[in-house]
Amino acid sequence: MNFLRATFAVIAKDLAGELRSRELLSAMFVFALLVILIFNFALELDVKTRNTVTAGVLWVTFTFAGSLGLNRSLAIEKDRGCMDGLLLAPVDRSAIYFGKMFGNLVFMLLVEAIVLPIYSLLYNTDLFQIGFLGVVFLGSLGYVAVGTLLATMTVQTRTRDVLLPILLFPLTIPVLIASVKASMGFLQGLEIEAIRPWLNLLIVYDTVFIAVAFMVFDFVVEE
Amino acid sequence: MQPKPKLLTYLDVFTVILFLLSVAMVFFYAPMEAVMGNVQRVFYFHVAVGWVGMLSFLAAAIAGILYLRSKERKWDLFAVAAVEIGIVFTFLNIVTGSIWARPIWNTWWTWDPRLTTATIMELIYFAYLMLRQGIEDPERRARFGAVYVILGFISVPLTFFSARLFRTIHPVVIGTNQPGAEGQFDMTPKMVQTFLFSLFTFTFVFIDLMWHRLRLGRLADQVEQLKLKLSL
């Protein structure tokens, strides 16, 4: 009970802070739009290519915007000494991890919730399928689960902003591959049999990495 | 400074002898493969260096867990030594594979699951070294390194699995995910002997290099401490 309350307190704190400053969401959102814009010129997103590359373009956009958000979310804690305050709180430390992680997940989902309709509007693609949205959720969950843990580490290093993507991208390759393939499957209307292995992989990844992050988070914040 | 242990010198000599024997076996004992010819001989060392790479990363992950449990500095030295050796041998594995693939697959590179996984694995451990470089405090460096090396080792099988799945569903490449589908061959007894012997040899190469690297790590630590003493 206490654990859940502590987790929600951290999430509420992040959301309240964001509601007042709107730094993180606006940066992530504008960045995401720019990435899509760049892809538009880099790939010539005409009707024929769109079918095959939409999933890839969206996931690259989400991961880039996501790493921006992760960096920022943990850098704030570090710079203003909030992390020390959080660690002093008499709660289980993994509650802090889950709080930060779900906070980051909310930010990432919010950005996705804005980007998807815009993409859908700009490129006349129907993205609103339950299956696809489920994949977006599972993929983002796995990504922020690892990302929150790694960002907590990288903000304590010398080369912080540069280091996060370098550490994070190779570890999240399975999530990326599975998310892109599953999204593409849903968007192209493949039958569920062809998509299921990817969904299984996503669920396995999410479970394994949330569990491991839960176990090692204490070592990452210990002073 | 501690003198070099005698046992290590013996091990050096033994490993060099094994290595020479192994080279001789690959070139003179193992028969020429009927279809692929001489280029198949790269196989004996290719698998052996790949084996050393995996062994190193496994050792590093175990050392990472042991470090987090005990906080003893020796496990950190062990992990970093293992990762460095693993990077070198995985690279050798990729290079020897490419040399073989050029005549057999008619390309230096293809996005086969094994190749993809080896590359991403290499990147993960490069990232590990960069993470260490970014941290000055040795205790924190060891702690973060241990966490990352564990995470990395867990993600490698998942990467392999996802890359394999990618190919099985992918319409263009067919059949390359059966082990050795293109350029497969059956080993004769002499080939098996050569192969096992080179695995044996490279396991010793690994142990020998680990020992040297651990010793180097300890000596570097001492130098560090002496420098600190001087500056005080």
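**Exercise 1. Sort out the secondary structure of the two chains.**

Start with chain B: its secondary structure comes to 6 helices and 0 strands. Read from the N terminus, its elements go α-α-α-α-α-α. Bear in mind that this is a predicted model. Now turn to chain A, where you'll count 9 helices and 0 strands. Its order from the N terminus is α-α-α-α-α-α-α-α-α.

**Exercise 2. Find out how far the predictor trusts its own work.**

Take the complex as a whole to begin with: the predictor gives an ipTM of 0.90 and a pTM of 0.89. Next, look at chain B by itself. Its pLDDT averages 87, and 91% of its residues score at least 70. One stretch to watch is residues 169-177 of chain B, where the pLDDT is below 50. In the model, that stretch has 11 contacts beyond near neighbours in sequence. Don't lean on such details, though, because predicted coordinates shouldn't be read in detail where pLDDT is low.

**Exercise 3. Describe the overall dimensions of each chain, and test chain A against the rule for a compact globule.**

Boxes come first. Along the principal axes, the C-alpha atoms of chain A fill roughly 55 × 35 × 30 Å, while the C-alpha trace of chain B spans about 65 × 45 × 25 Å.

Now the test. For 223 residues, a compact globule would have a radius of gyration near 17 Å. Chain A has 18 Å, so it agrees with the rule.

Then check the inside. In chain A, 44% of the 223 residues are buried; in chain B, buried residues make up 34% of 232.

Finally, see how far apart in sequence the partners are. Take the chain A contacts between residues at least 6 apart: 82% of them join residues at least 24 apart. For chain B, residues 24 or more positions apart account for 77% of the contacts with a separation of 6 or more.

**Exercise 4. Check the length of helix H7 of chain A, then list its buried residues.**

H7(A) covers residues 160-171, which makes 12 residues. At 1.5 Å a residue, the helix should span 16 Å. Its end C-alpha atoms are 17 Å apart, so expectation and model agree. As for burial, the list is Leu163(A), Leu164(A), Leu167(A), Leu168(A), Pro170(A) and Leu171(A).

**Exercise 5. Work out what chain B brings to its contact with chain A.**

Count the residues: 26 come from chain B and 24 from chain A. On the chain B side, helix H4 (113-133) and helix H5 (138-169) each supply at least two residues. H5(B) gives the largest share of that side, 17 residues. Sorted by type, the chain B side has 19 nonpolar, 5 polar and 2 charged residues.

**Exercise 6. Which residues touch the most other members of the largest nonpolar core?**

That core has 119 residues, and the two to pick out are Ala79(B) and Val149(B). Follow Val149(B) a step further, skipping its neighbours within four places in sequence: its contacts are Ala60(B), Ala61(B), Gly64(B), Ala79(B), Val83(B) and Tyr128(B). So Ala79(B) turns up again, this time as a contact of Val149(B).

**Exercise 7. Is Leu219(B) buried or exposed?**

Locate it first: Leu219(B) sits in helix H6 (residues 189-231) of chain B. Then count its C-beta neighbours inside 10 Å, which gives 12. A residue is exposed if the count is 12 or fewer, so Leu219(B) counts as exposed. For a sense of distance, compare Phe166(B), 53 residues away along the chain: the two C-alpha atoms are separated by 46 Å.

Terms used
Residues numbered from 1 in each chain as written. Chains lettered and ligands numbered in written order. Predicted model: local features only at pLDDT ≥ 70, side-chain atom pairs only at ≥ 80, totals over all residues. Helix = DSSP H or I, 4+ residues; strand = E, 2+ residues; numbered from the N terminus. Rg over C-alpha atoms; globule rule 2.2 N^0.38 Å. Buried ≥ 20, exposed ≤ 12 C-beta atoms within 10 Å, placed from the backbone. Contact = placed C-beta atoms within 7 Å. Nonpolar A, V, L, I, M, F, W, Y, C, P; charged D, E, K, R; others polar. Expected span 1.5 Å × (residues − 1). pLDDT = per-residue confidence, 0-100. Core = buried A, V, L, I, M, F, W, Y, C linked by C-beta atoms within 7 Å.
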